[in-house]
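Trainee: Could you take me through this model step by step, so that I can learn how to read it?

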Amino acid sequence: MEALRGLWTGAGLDAVETREITVRRTFADFDDFWTISVMAASLGSTIAALASVDVERLKERVHARLPADATGRITYDARANAIKGAYQRD
């Protein structure tokens, strides 16, 4: 965050504020997670461009890294950095 703040203040912005946004998502099971994930604009086209054998390999690796609870639900946290600032004209 300090590096991000430094970039913005170095660019001449004032009143720079930063914060971390954390969200928790829960999916019914891995198939629910995978279906929603591959429809995302940021991932869908990349996954669609892979050979089917590579998609299956990726799916297996992701599945192995996402532990499910006793009912099979997948829950994970994601973070994003937010920043805002103002440019003061003289």
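What follows is a short exchange about the core, a helix pair and a loop residue in this predicted model.

Trainee: Which helix gives the largest share of the largest nonpolar core?

Mentor: The largest nonpolar core is made of 8 residues, namely Phe27, Phe30, Phe33, Trp34, Ile47, Val55, Leu66 and Ile74. Within this core, the largest share amounts to 3 residues, and these come from the helix that spans residues 30–39, which is H2.

Trainee: How are H2 and H4 oriented to each other?

Mentor: The two helices, H2 and H4, pack with their axes 11 Å apart and at an angle of about 125°. Angles of 65 to 115 degrees count as roughly perpendicular and those over 145 as roughly antiparallel, and the angle of about 125° fits neither class. H2 and H4 are therefore oblique.

Trainee: How many nonpolar residues does the contact of H2 with H4 have?

Mentor: H2 passes H4 in a right-handed crossing. On the H2 side the contact is made by Phe30, Asp31, Phe33 and Trp34, while H4 brings Val55, Leu58, Lys59, Val62 and His63. Sorted by class, this contact has 2 charged residues, 1 polar residue and, as the number you asked for, 6 nonpolar residues.

Trainee: Is leucine 50 buried, partly exposed or exposed?

Mentor: Leucine 50 sits in the loop between helix H3 (41–48) and helix H4 (52–65). Leaving aside its neighbours within four places in sequence, leucine 50 is in contact with Val55 and Leu58. Buried means under 20% relative accessible area and exposed means over 50%, so leucine 50, with a value of 35%, is partly exposed.

Definitions and conventions. Residues numbered from 1 in each chain as written. Predicted model: local features only at pLDDT ≥ 70, side-chain atom pairs only at ≥ 80, totals over all residues. Heavy atoms only, no water. Core = buried A, V, L, I, M, F, W, Y, C linked by side-chain atoms within 4.5 Å. Buried < 20%, exposed > 50% of the residue type's maximum accessible area, 1.4 Å probe, protein only. Helix = DSSP H or I, 4+ residues; strand = E, 2+ residues; numbered from the N terminus. Contact = heavy atoms within 4.5 Å. Axes fitted to C-alpha atoms, helices over the stretch in contact; angles between N-to-C directions. Parallel < 35°, antiparallel > 145°, perpendicular 65-115°, else oblique. Left-handed = near helix turned anticlockwise from the far one by under 90°. Nonpolar A, V, L, I, M, F, W, Y, C, P; charged D, E, K, R; others polar.
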